[in-house]
Amino acid sequence: MARPYRSVLYIPAANARAMDKACDLPADAIIFDLEDAVAPDQKSAARDGLGQALAQDYGPRARILRINALATEWGRDDALACAGALAGLVDAVLIPKVDSPADLDAVAELIPDTALWAMMETPLGMLNAAAIAAHPRLKGMVMGTNDLAKDLGTRFRADRLPMMAGLGMCLLAARAHGVTIVDGVFNAFKDEEGLRAECEQGRDMGFDGKTLIHPAQLAIANDAFAPTDAEIDLARRQIEAFDQATAQGKGVAVVDGRIVENLHVAAARATLDRADAIAAMAQ
């Protein structure tokens, strides 16, 4: 079963109390953030203190460390720590502002074993999304919609129309190369209705989950990116009907007045696998 990434929570790597609390939060993954969430004068200390924090039991939650870009004064030391003192304590390293596969190559040389994830948050990154997703070390992509909106000069719209080209290009690239992809953050963490609408939009588009900035957002994201009871029931009935049809020498079945073919059965099995993986997270 593929690991679910319905809810991916950012936590400042300088906040020991928040990292302790994260052990019990119902997040599918945690991004320990050394970049935007940590002030420049705290970055080195935050990095040095991560070993103890990451050694805690986070259960089935994926542990992702967002390092600073190599172009900064902290990035190289962040990457070397991932290959040294922090080796084996994180499931993936998230690289900010990936513009091209060369940015992944540079980090891969410093971190030989850990999976790499890419922040997709620049116009050039959008244009190179397919090449980035094809990188042999890349396992995940994270949409950085705040930075992308800044670079594009867009106005805020609840429907995210200015974001659609970039979101779509990255989603296509991720699906073409079998890479996990999670949607960007929703900034108004007290606006539950707005968050749910944006989660539903992302789920309808095909994203695996959503990055979050506050634990209060977890329940909504987990619900939005999980198969519903109706979807699970339909998936089971589609598989059963198709198996019966093939046993009778037929190539298609009919469920609820709709044709069911091989492609629908594959999607149905993926739905059940996703439901099983989510259930396993709760055990």
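**Exercise 1.** Lys 97 has 35% relative accessibility: work out whether Lys 97 counts as buried, partly exposed or exposed, keeping in mind that this is a predicted model.

*Solution.* Start with the cut-offs: buried means under 20% relative accessible area, and exposed means over 50%. At 35%, Lys 97 counts as partly exposed.

**Exercise 2.** Find out which side chain meets Lys 97 in a salt bridge, and where the two residues sit.

*Solution.* Step one: the partner is Glu 35, at 3.7 Å, N to O. Step two: Glu 35 is in the loop between β2 and α2 (43-54), while Lys 97 is in the loop between β4 (92-95) and α4 (101-110). That puts the two 62 residues apart, so the pair links distant parts of the chain. Step three: Glu 35 is buried, with a relative accessible area of 10%.

**Exercise 3.** Now pick out the residues linked with this pair in a network of salt bridges.

*Solution.* The network links Asp 33, Glu 35, Asp 36, Arg 66, Lys 97 and Asp 147. Take Asp 36 and Arg 66: their side chains meet in a salt bridge at 3.7 Å, N to O. Asp 36 is in the loop between β2 and α2, and Arg 66 is in strand β3 (residues 62-66), 30 residues apart. Arg 66 counts as buried, at 4% relative accessibility.

**Exercise 4.** Over to the surface: which residues make the nonpolar patch of about 290 Å²?

*Solution.* Leu 124, Leu 127 and Met 169 make the patch. Zoom in on Leu 127, which lies in helix α5 (residues 123-127). With a relative accessible area of 64%, Leu 127 is exposed.

Key: Residues are numbered from 1 along each chain as its sequence is written. This is a predicted model: local features need pLDDT of at least 70, side-chain atom pairs count only at pLDDT 80 or more; totals for chains, interfaces and linings use all residues. Side-chain values use heavy atoms; hydrogens and water are left out. Patches are made of residues with over 30% relative accessible area and no salt bridge: like charges are joined within 9 Å, nonpolar side chains (Val, Leu, Ile, Met, Phe, Trp, Tyr) within 5 Å. Accessible areas come from the Shrake-Rupley method with a 1.4 Å probe; for residues, only the protein chains shown count as cover. A salt bridge is a side-chain nitrogen of Lys or Arg within 4 Å of a carboxyl oxygen of Asp or Glu. Helices (H or I, at least four residues) and strands (E, at least two) are DSSP runs, numbered from the N terminus. Buried means under 20% relative accessible area, exposed over 50%, partly exposed in between (1.4 Å probe, protein chains only).
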